[in-house]
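The following paragraphs lead the reader through selected features of one structure, beginning with charged side chains and ending at the surface. Please keep the model in view while reading.

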Amino acid sequence: RDTLVYGLQWGVMMLSSNIFLPLILGGALGFSTEMTAGFLQRTLIVLGIGSLIQIYLGHRITMFEAAAAFWISTFLIVGQEGLGAGEPLETILSKIQFLYLSTGVLILLFTATGMAARLRKFFTPLVMGTTLILICLQVSGNMVRGMFLSGDGVADPRLIAFSSVLFFSVLFISFRGGRLQPLVGLAGLGGGWAVYLILGLPRGSVVSFPPFVLPELFAFGMPGPYWNLLPLSFFIMMIYLSNEITSMNACGEVLQVKITDSHIRRGAYWGGILHLVALVFSAIAMVPAAMAAGLVATTGVGARRTLAVGCVFLILLGLIGPVGAFFAAIPPAVSYSVSLAIFSRIIGIGLKNVHDAGLEERSLIIASVSLLMGAGIMFLPAGVFSGLGFLSGIFGNGLVMGMATAIGLENILFRERKLAA
């Protein structure tokens, strides 16, 4: 009985922390309600399957998978550039599929050669903090737009008032919500939607689904030969491996498990496989979630079997048709307001990482230059680097350029010199 109760608690937390991300991407890329519902359900299924694989075959730590924030940013970057250049949605999704394929293969190659664990030294707290800040800056524009603008792209005073109140309410719960704090995402979506309906604000279309729905495979189509995106895949791979290592260390500390190269190698290997699974299911790619350490620390329950129950719960939800239809019908003002509050915590983690690196002049210069470079490129019109061929995928991506600048300054130009004893 206790296993079932704690397992459902894991499942609800996994649902709460991931449910809004497919909604963000569906709105940003112009998905229909049906597409968003299917996307959401496939993501839940992959989330459950991926977590089961990792806890029993991969890293074997009580730590669930979560939709990767850097993949959310990648979706938005590729989508914004494609829509700005007049590309059809099918082309944009084909590019995403190529990135899944190439990133998964690169992760497998780096794991097989033993290089995965060696990348740890390049991703210092300063680099990771700068990267997290850039990820949040990248997605913030779409979030604020979804909160305040109506369907015709004009600011609506009613939406501005509603979204502001919901945002600060969710922000308060995330800091001082007591028992609601671990469920802040789910509470914000449910409560916000209820108030939205009571106020009679503009609603979108509602679709009906059969009770039981099997996931559509390759719903995004097959990956195309977009070789100019390979540099982006390389940087995504490095971010993935760094996030994986960081999350493992956080959970290992709570569980009192020493994280070894064997943990990292197994986790990275199956992480590469799961990128290919995300390709087949056309879902959001996953990464081990450091937030799992928080639940283990709060409840004191670190048994893998309880997490496995939560994973099965997620898979079953993904197969129930009305679940996807229900969440896909949530208005953008609700989902984006909740998302912005959640991402404010992520950017806080980034600022803390920068602070932990020290506030001496060297660290401040590296962070400042990297953020200016990355954010500056984000403000440029889409397609300005199209004349650079395959390099456009690097120079036109503010996140990649900002992170590359931080890595270069931290590890090469301003590398700290160790004094001889």
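A salt bridge is understood here as a side-chain nitrogen of Lys or Arg lying within 4 Å of a carboxyl oxygen of Asp or Glu. The model to which this criterion is applied is a predicted one. Side chains of opposite charge can pair when their charged atoms come close. Under the stated criterion, the count comes to 4 salt bridges.

One of these joins Asp 156 to Arg 158, whose closest N and O atoms are 3.3 Å apart. This separation satisfies the cut-off, because a distance within 4 Å is required. The two partners may then be considered by their accessibility. Asp 156 has a relative accessible area of 10% and is therefore buried, since that class comprises values under 20%. Arg 158, with a relative accessible area of 45%, is partly exposed.

A second pair consists of Lys 95 and Glu 87, with 2.9 Å between the closest N and O atoms. Lys 95 is buried, at a relative accessible area of 16%. Glu 87 reaches 22% relative accessibility and so counts as partly exposed, because the buried class ends at 20%.

Lys 95 also directs attention to the helix pair in this part of the chain. Helix 4 spans residues 69-84 and helix 5 spans residues 89-112. Their axes come within 9 Å and cross at roughly 140 degrees. Why is the pair described as oblique? Angles over 145 degrees count as roughly antiparallel and those from 65 to 115 as roughly perpendicular, so an angle of roughly 140 degrees falls in neither class. Helix 4 and helix 5 are therefore oblique to each other. The crossing in which helix 4 passes helix 5 is right-handed.

A further salt bridge is found within a single helix. The side chains of Asp 356 and Lys 352 meet at 3.0 Å, N to O. Both residues belong to helix 14 (residues 332-356), where they are 4 residues apart, about one turn of the helix. Asp 356 is partly exposed, its relative accessible area being 47%.

The final feature is nonpolar. Ile 365, Val 369, Ile 412, Leu 413 and Phe 414 form a patch on the surface, and together they have about 460 Å² of accessible area. Helix 15 (361-378) and helix 17 (398-413) are the elements that give two or more residues to this patch. Ile 365 lies in helix 15. With a relative accessible area of 34%, Ile 365 is partly exposed, and it is eligible for the patch because membership requires over 30%.

Technical notes:
Residues are numbered from 1 along each chain as its sequence is written. This is a predicted model: local features need pLDDT of at least 70, side-chain atom pairs count only at pLDDT 80 or more; totals for chains, interfaces and linings use all residues. Side-chain values use heavy atoms; hydrogens and water are left out. Patches are made of residues with over 30% relative accessible area and no salt bridge: like charges are joined within 9 Å, nonpolar side chains (Val, Leu, Ile, Met, Phe, Trp, Tyr) within 5 Å. Accessible areas come from the Shrake-Rupley method with a 1.4 Å probe; for residues, only the protein chains shown count as cover. Buried means under 20% relative accessible area, exposed over 50%, partly exposed in between (1.4 Å probe, protein chains only). Axes are lines fitted to C-alpha atoms, for helices over the stretch in contact, and angles run from 0 to 180 degrees between N-to-C directions. Angles under 35 degrees count as roughly parallel, over 145 as roughly antiparallel, 65 to 115 as roughly perpendicular and the rest as oblique. A crossing is left-handed if the near helix is turned anticlockwise from the far one by less than a right angle, and right-handed if clockwise.
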